[in-house]
Amino acid sequence: MECKSESFWYRALPLSLASMLASQGLVYKGILSPSKRFGSTPKVALAGVLGFVVGKISYVGACRQKFQNAGFPAFGTTFPYGFGNFPLGKPHHDNDHHEGKNGPHGFPDHCRKSQRTTPDSADLSYPRERDLRE
């Protein structure tokens with residue numbers, strides 16, 4: 001609750017108000033054009049929302065530090081098993097241990113070229129020309 005309150009009063013509200021005043025000033029000076037229907041309200045409202053969001057996000061580091069100082073373990077710095085360095089390393093479901101189930105490269109057995117059957121082989125699952133004529 002303390003983090004929520006402080007992030008609102010010390011970061012989000014001041015940044016929101018400052019960005020709203022700045023955008024209203026830019027509209028007043030003619031740098032930003034007002035809407036024909038709504039005037040400066042949409043630009044001022046958008047600036048207020050963006051200022052609020054940026055203010056909340058900017059307080060995350062301070063809140064994290066408060067939790068660490070209170071004795072809680074660090075959060076948000078590590079991922080659970082299997083997600084660490086995923087784009088650069090191997091994923092947690094390494095295909096090497098699936099050799100019996102999915103073959104040596106992780107492909108199912110029916111996809112391997114060495115086990116595919118052709119119509120010329122003794123496989124009876126393919127209809128032959130003479131069977132189709134009968």
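A contact here means heavy atoms within 4.5 Å. The model is predicted.

**Exercise 1.** State which residues Ser40 touches, leaving out residues up to four places away in sequence, and decide whether Ser40 is buried or exposed.

*Solution.*
1. Locate the residue: Ser40 lies in the loop between α1 (2–29) and α2.
2. List the partners: with residues up to four places away in sequence not counted, Ser40 touches Gln24, Val27 and Pro34.
3. Check for polar pairing: the side chains of Ser40 and Gln24 are joined by a polar contact of 2.8 Å.
4. Classify the exposure: the relative accessibility of Ser40 is 17%, and buried means under 20%. Ser40 therefore counts as buried.

**Exercise 2.** Find which residues make the nonpolar surface patch of about 350 Å², and classify the exposure of Phe52.

*Solution.*
1. Name the members: Val49, Phe52, Val53 and Ile57 make the patch.
2. Place Phe52: this residue sits in helix α2, residues 41–58.
3. Apply the cut-offs: the relative accessible area of Phe52 is 33%, while buried means under 20% and exposed over 50%. Phe52 is therefore partly exposed.

**Exercise 3.** Describe the protein chain as a whole: its elements, its burial and its surface.

*Solution.*
1. Count the elements: there are five helices and zero strands, in the order α-α-α-α-α from the N terminus.
2. Take the burial: of the 134 residues, 13% are buried.
3. Take the surface: the accessible area is about 11,200 Å², with 62% belonging to carbon and sulfur atoms.
4. Take the contact range: of contacts between residues at least 6 apart in sequence, 45% join residues at least 24 apart.

Technical notes:
Residues are numbered from 1 along each chain as its sequence is written. This is a predicted model: local features need pLDDT of at least 70, side-chain atom pairs count only at pLDDT 80 or more; totals for chains, interfaces and linings use all residues. Side-chain values use heavy atoms; hydrogens and water are left out. Helices (H or I, at least four residues) and strands (E, at least two) are DSSP runs, numbered from the N terminus. Buried means under 20% relative accessible area, exposed over 50%, partly exposed in between (1.4 Å probe, protein chains only). Accessible areas come from the Shrake-Rupley method with a 1.4 Å probe; for residues, only the protein chains shown count as cover. Patches are made of residues with over 30% relative accessible area and no salt bridge: like charges are joined within 9 Å, nonpolar side chains (Val, Leu, Ile, Met, Phe, Trp, Tyr) within 5 Å. A salt bridge is a side-chain nitrogen of Lys or Arg within 4 Å of a carboxyl oxygen of Asp or Glu. A polar contact is a pair of N or O atoms within 3.5 Å; within protein, one must be able to donate a hydrogen and the other to accept it, and residues adjacent in sequence count only if both atoms are side-chain atoms.
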